[in-house]
Each structure stands twice: as C-alpha cells, then as structure tokens.
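Take a look at the model below. The walk through it starts at the ligand and ends in the loops.

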Amino acid sequence: MIDDFEAKGKRKRLVAELKKKGISDEEVLRAIDTVPRHLFMDPAFLIHAYVDKAFPISSGQTISQPYTVAVQTSLLEVKKRHRILEIGTGSGYQAAVLAEMGAKVYTIERFRDLYLKAQQTLRSLGYEADFFYGDGYAGKAQYGPFDGIIITAAIKEIPGELLQQLKTGGRLVAPVGDSSYQVMTLMIRENDDSFTTTTHGTFVFVPMLKGTVNGK
Ligand code: SAH
C-alpha cells in the first residue's frame, strides 16, 4: 500500500486543523499525522480522506471523523503497552491510531466483511491488533482487564459488563444517546464498584446494534 508526499502534506494540514479545534495531546496528534487515513477508505472517497469529516465505508457504516477519533483517543489517555478494547472496528482506522501510540489493541466488529477488511488493512501497514468478529456488547473478558475501552458506535447506555472489564483507574469512552445525537461520556473506574462520569460534547455515530452480520 502506498503513502506519498501529497497525503503526508494533507495530514499535516489536518493535524493543524485539529489543534485549532482544541486537540492538544501531542501523542494523539503524532499518531494522526502518521497513520495514512486514505488507505482505510473506499477508493471513491480518496480525495476526501483528509477533510475533517466522517465518510461511508462498506456495509452502510462510517469511518469516524478525525476530530472524533482525536477526542475519543485523548480521553482514553493511552500509554505504551496499555490494553485497549475497541467496540466497532469499522475501517480499522481508530485501531491503527491506537496501535501507532503503542497500545495493545483488541477490536470487535459485528460485520464479517469489515472485520476481514480492517484486519487486512492493518496488516499491510504493519500494525498489530487482535481482531474479533462478534457482538461487542459482552466485551472480551478473557483478554481483560483493560486500561481503556472505546466504543465507536452510538449506545443508549453503557453495559455494566463492559465496565467490569476495566482495571482500577481504567477509562471507558463512549457516545451515549439515541440515534439523533450522543454525548461523549468518560467513565473512570475508581475502585471495584465506583466510577466517576464526565461528559465531553455531542457527536453523531452510527448505532451500536445487537448480533452479527455474515455477508454484505
Ligand atoms: N472505529 C471505526 C468507526 C466505526 S463505525 C473506524 O475507525 O473506522 C461503528 C462500527 O461499529 C460499525 O462498523 C458497526 O458495524 C460497528 N458495530 C455496531 N454495533 C456493534 C456491536 N454490537 N459489536 C461490534 N461492532 C458493532
């Protein structure tokens, strides 16, 4: 797969735009500057790869807006070797940003074709992540507990089962709300049964749905 000077230049401008919009985590900005987002998108949208917008991928899903990826990733406070669980692999772009930051990434997708494609894309770019085809509602307790859990689809409420898979001090970031809009919610596990919750602006995501889809 190819990256080139034109794409690199566009990424620099995107990073400058994200800084203006208030993103300050240098590691997040470096990862966005490094990961070639255009290689995660349908070829028809290549020209738009470095515009700060969400775009359609296959199966009626979307690759998140770079600003949204930056906000969620900043809230996770990713450190090298952190174990991070992502629900909603989609294109794999968010997973690649986390891997670029040195996280050990576990990511779940309910569409089989997206699960296969994202895996291929990350491999071809040399990023490592563990991919799972399945329904993310139950998380992946056998690979936890996690330093961070990131949900990249709109969810009505955060399942207790996922919260239980966080380490003490671990952070869960999720867009919580109905289909019209969601509130970016950060929950930090203070101890066994106590969490602090803060909110971080409104966003619009595709919905988190139950079950899996095998085929197009
Ligand atoms: N993080 C992605 C954007 C994902 S869009 C990226 O960087 O491209 C949301 C994704 O969540 C979609 O691919 C959708 O199929 C998936 N999804 C929705 N409900 C799910 C569930 N219950 N389990 C796993 N994935 C789910």
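What follows covers the ligand, the space around it and two backbone features.

This is a predicted model. Start with the ligand. It has 27 residues around it. E86, S91, E109, G136 and L209 are the closest of these.

Now look at the polar contacts. Two glutamates come first here. The side chain of E86 places an N or O atom 3.0 Å from a nitrogen atom of the ligand. The side chain of E109 has an N or O atom 2.6 Å from an oxygen atom of the ligand. Then turn to D135. One of its polar side-chain atoms lies 3.0 Å from a nitrogen atom of the ligand. How much of the ligand does the protein bury? On its own, the ligand exposes 580 Å². The protein buries 99% of that area.

Which elements give two or more residues to the shell around the ligand? They are β2 (62–63), α4 (93–100) and β4 (104–109). The shell can also be sorted by class. Eleven of its residues are nonpolar, twelve are polar and four are charged.

Next, take the empty space in the protein. Rolling a probe the size of a water molecule over the atoms shows where such space is left. The structure holds one cavity of 30 Å³ or more. The largest cavity has a volume of about 360 Å³. What takes up this space? The ligand does: its space is the largest cavity.

The lining of the largest cavity consists of 27 residues. Nearest its centre are G88, T89, E109, T152 and A153. E109 thus appears again, having been listed among the residues closest to the ligand. β2, β3 (83–87), α4 and β4 each supply at least two residues of this lining. By class, the lining of the largest cavity has eleven nonpolar, twelve polar and four charged residues.

Finally, follow the backbone into two loops. Most residues other than glycine have a negative phi, and most peptide bonds are trans. Two sites here depart from that pattern. S59 is not a glycine, yet its phi is positive, at about 60 degrees. S59 sits in the loop between β1 (55–56) and β2. The other site is the peptide bond from G144 to P145. This bond is cis, with omega near -5 degrees. P145 belongs to the loop between β5 (130–133) and β6 (146–151).

Methods:
Residues are numbered from 1 along each chain as its sequence is written. This is a predicted model: local features need pLDDT of at least 70, side-chain atom pairs count only at pLDDT 80 or more; totals for chains, interfaces and linings use all residues. Side-chain values use heavy atoms; hydrogens and water are left out. A residue is near a molecule or strand if one of its heavy atoms lies within 4 Å of it. A polar contact is a pair of N or O atoms within 3.5 Å; within protein, one must be able to donate a hydrogen and the other to accept it, and residues adjacent in sequence count only if both atoms are side-chain atoms. Accessible areas come from the Shrake-Rupley method with a 1.4 Å probe; for residues, only the protein chains shown count as cover. On a 1 Å grid over the protein atoms alone, a cavity is a set of points where a 1.4 Å probe fits but cannot get out, and a pocket is an open set with protein on both sides within 12 Å along at least five of seven lines; lining residues have an atom within 4 Å of a point. A molecule sits in a cavity or pocket if more than half of its atoms lie within 2 Å of its grid points. Helices (H or I, at least four residues) and strands (E, at least two) are DSSP runs, numbered from the N terminus. Ala, Val, Leu, Ile, Met, Phe, Trp, Tyr, Cys and Pro count as nonpolar, Asp, Glu, Lys and Arg as charged, and the others, Gly among them, as polar. Grid points are joined across faces, edges and corners, and a volume is the space filled by probe spheres set on the points.
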